Amino acid sequence: MDRIGVIGALAVIQKTTIPKSIWALGFVSLLMDVSSEMIHSLLPVFLVTSLGVSMLAVGLIEGAAEATALVLKVFSGVLSDWWGRRKPLAVLGYGLGALSKPLFAIAPTVGWVVTARLIDRVGKGIRGAPRDALVADLAPPGMRGAAFGLRQSLDTVGAFLGPLLAMGLMLLWANDFRAVFWVAVIPATLCVALLLVGVQEPERAASAMRTNPIRRENLRRLGGAYWWVVALGAVFTLARFSEAFLVLRVQQGGLPLAWTPLVLVLMNVVFALGAYPLGKLADSTRHTTLLAWGLVVLIAADALLAFSDRGGAAWLGIALWGLHMAMTQGLLATMVADTAPADLRGTAFGMFNLVSGVALLVASGLAGLLWDRLGASATFGAGILFATLALAGVLVQSARHGRAPKPPVPQGCGSGPERAP
């Protein structure tokens, strides 16, 4: 199914129930992902083949960049709760992402690339938690999983259109990395413009008191159900290191440079097609069941990629990686929103991503070190180990409690009966 078909089908299904601003946020994410993935799908190969960096360095660069984004989300999330405004922080974050894109095109050394990558991820860190909290604020009662799934699906459409465009331009322009990086500036600029004019933040009560979200009494309101989700997300992240290693795996198997974006295209096509229906399923299905199956899929993907770097086994592993993302990413966001009070959602997403950011730095560094010392199979073998540990945790939680602890009753806009994960 092509992009128009995916988006058209979603429009027919949800046009009367999901607010226009959530659709706009989805297309904002789509445009930024087109821009970012045009660069990121080529960046690992550019670093290794053009700038001569090691696999360990790639892992550390990717881990540091993504961890920077995730750690910053805690501060922007807290600020959005205290301020009572989420859109201005989202605009700042997407604006920084757009400003970073020309730096990739002019970068003469690894230092410039690292600087551009960090600026880009700082922008992501600033916008991430406020944007996710804004989706939760805007979503109708009982439609939170569908809303997160829709935004994730549109985001992921951009994540496979970007690599497709990069691949076509690489073939057209004889592997001119920098020319492709310049083209990526265009969708990033359009993204910021759409956010400014297309997203309306819901009004908050003028009488609402501003309190420090990270005061001890407020943090106590993030109960056991929420912190279980945080711990689970950290182990998930250890099992799912940077997708840069998927690109490098098949490039190691002989895939030509111009065709390496196909890796992220395949992964994100599967992700995009699955994110919305699986997100909607999360509104009516026990969360731990979906999480467990998502981890089984990840274990299968790692096993295939540990076994082979080419042919059907490797490409099936990449497709299963995308299916795992579709099954778990929107679901984890839904679980955070379900287990946090409405007035602390920004803080809750920020704390969740802080812990996940540290885990991602460790995971990507470890993946690169294992690759350099023991080979690619060891990297994916470690992924199997961590995914198995996460699966055991999910199964134990499910067996002990039947359901996770009941979340706190949300306060503020959008409150109502909530279902535990």
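Asp372 is found in helix H16, which spans residues 345–374 of this predicted model. With a relative accessibility of 38%, Asp372 counts as partly exposed, because that value falls between the limits of 20% for buried and 50% for exposed residues. Apart from residues up to four places away in sequence, Asp372 touches Ser54, Met55 and Leu56. A further pairing involves Ala57: 315 residues separate Asp372 from Ala57 along the chain, yet the distance between their C-alpha atoms is 9.9 Å.

Contacts between distant parts of the sequence are also a feature of the chain as a whole. Among contacts between residues at least 6 apart in sequence, 84% join residues at least 24 apart. The secondary structure of the protein chain consists of 17 helices and zero strands. The chain has 421 residues, of which 58% count as buried. The exposed area is about 15,700 Å², and carbon and sulfur atoms supply 68% of that area.

Helix H3 covers residues 43–50, and its buried residues are Leu43, Pro44, Val45, Phe46 and Leu47. After H3 comes Gly52, which has a positive phi, near 70°. H3 packs with helix H12, residues 244–252, at an angle of about 55°, and the two axes are 9 Å apart. This angle makes H3 oblique to H12. On the H3 side the contact is made by Pro44, Val45 and Val48, and on the H12 side by Ala244, Val247, Leu248 and Gln251. By class, the residues of this contact are six nonpolar, one polar and no charged. Two of the H3 contact residues, Pro44 and Val45, are thus also listed among the buried residues of that helix.

Helix H2, residues 20–40, packs with two helices described here, H7 and H5. The axes of H2 and H7, the latter formed by residues 144–172, come within 7 Å and cross at roughly 30°. H2 is therefore roughly parallel to H7, since the limit for that class is an angle under 35 degrees. The crossing of H2 with H7 is right-handed. The residues in this contact comprise 17 nonpolar, four polar and four charged.

For H2 and H5, the latter formed by residues 87–106, the axes come within 11 Å and cross at roughly 25°. These two helices are therefore also roughly parallel to each other. Their crossing is left-handed, whereas H2 passes H7 in a right-handed one. H2 contributes Val28, Ser29, Met32, Ser35, Ser36 and Ile39 to the contact with H5, and H5 contributes Tyr94, Gly97, Ala98, Lys101 and Phe104. Six of the residues in this contact are nonpolar, four are polar and one is charged. An α-helix has 3.6 residues a turn, so residues three or four places apart point the same way. The H2 residues in the contact include Val28, Met32, Ser35 and Ile39.

Ser36, one of the H2 residues in the contact with H5, has a relative accessible area of 2% and is therefore buried. Leaving aside neighbours within four places in sequence, Ser36 is in contact with Lys101, Asp120 and Arg121. Of these partners, Lys101 is also listed on the H5 side of the contact between the two helices.

Lys87 also lies in helix H5. The relative accessibility of Lys87 is 15%, so this residue counts as buried, the cut-off being 20%. Apart from residues up to four places away in sequence, Lys87 touches Leu195, Leu196, Val199 and Glu201. The C-alpha atoms of Lys87 and Pro202 are 9.9 Å apart, with the two positions 115 residues apart in sequence numbering.

Pro202 is placed in the loop between helix H9, residues 185–198, and helix H10, residues 216–219. A relative accessibility of 28% makes Pro202 partly exposed. Residues up to four places away in sequence again left out, Pro202 touches Leu134, Asp137 and Leu138. For one of these partners, Leu138, the C-alpha distance to Pro202 is 6.9 Å, and the two residues are 64 apart in sequence.

How values were computed:
Residues are numbered from 1 along each chain as its sequence is written. This is a predicted model: local features need pLDDT of at least 70, side-chain atom pairs count only at pLDDT 80 or more; totals for chains, interfaces and linings use all residues. Side-chain values use heavy atoms; hydrogens and water are left out. Helices (H or I, at least four residues) and strands (E, at least two) are DSSP runs, numbered from the N terminus. Buried means under 20% relative accessible area, exposed over 50%, partly exposed in between (1.4 Å probe, protein chains only). Contact means heavy atoms within 4.5 Å. Accessible areas come from the Shrake-Rupley method with a 1.4 Å probe; for residues, only the protein chains shown count as cover. Axes are lines fitted to C-alpha atoms, for helices over the stretch in contact, and angles run from 0 to 180 degrees between N-to-C directions. Angles under 35 degrees count as roughly parallel, over 145 as roughly antiparallel, 65 to 115 as roughly perpendicular and the rest as oblique. A crossing is left-handed if the near helix is turned anticlockwise from the far one by less than a right angle, and right-handed if clockwise. Ala, Val, Leu, Ile, Met, Phe, Trp, Tyr, Cys and Pro count as nonpolar, Asp, Glu, Lys and Arg as charged, and the others, Gly among them, as polar.
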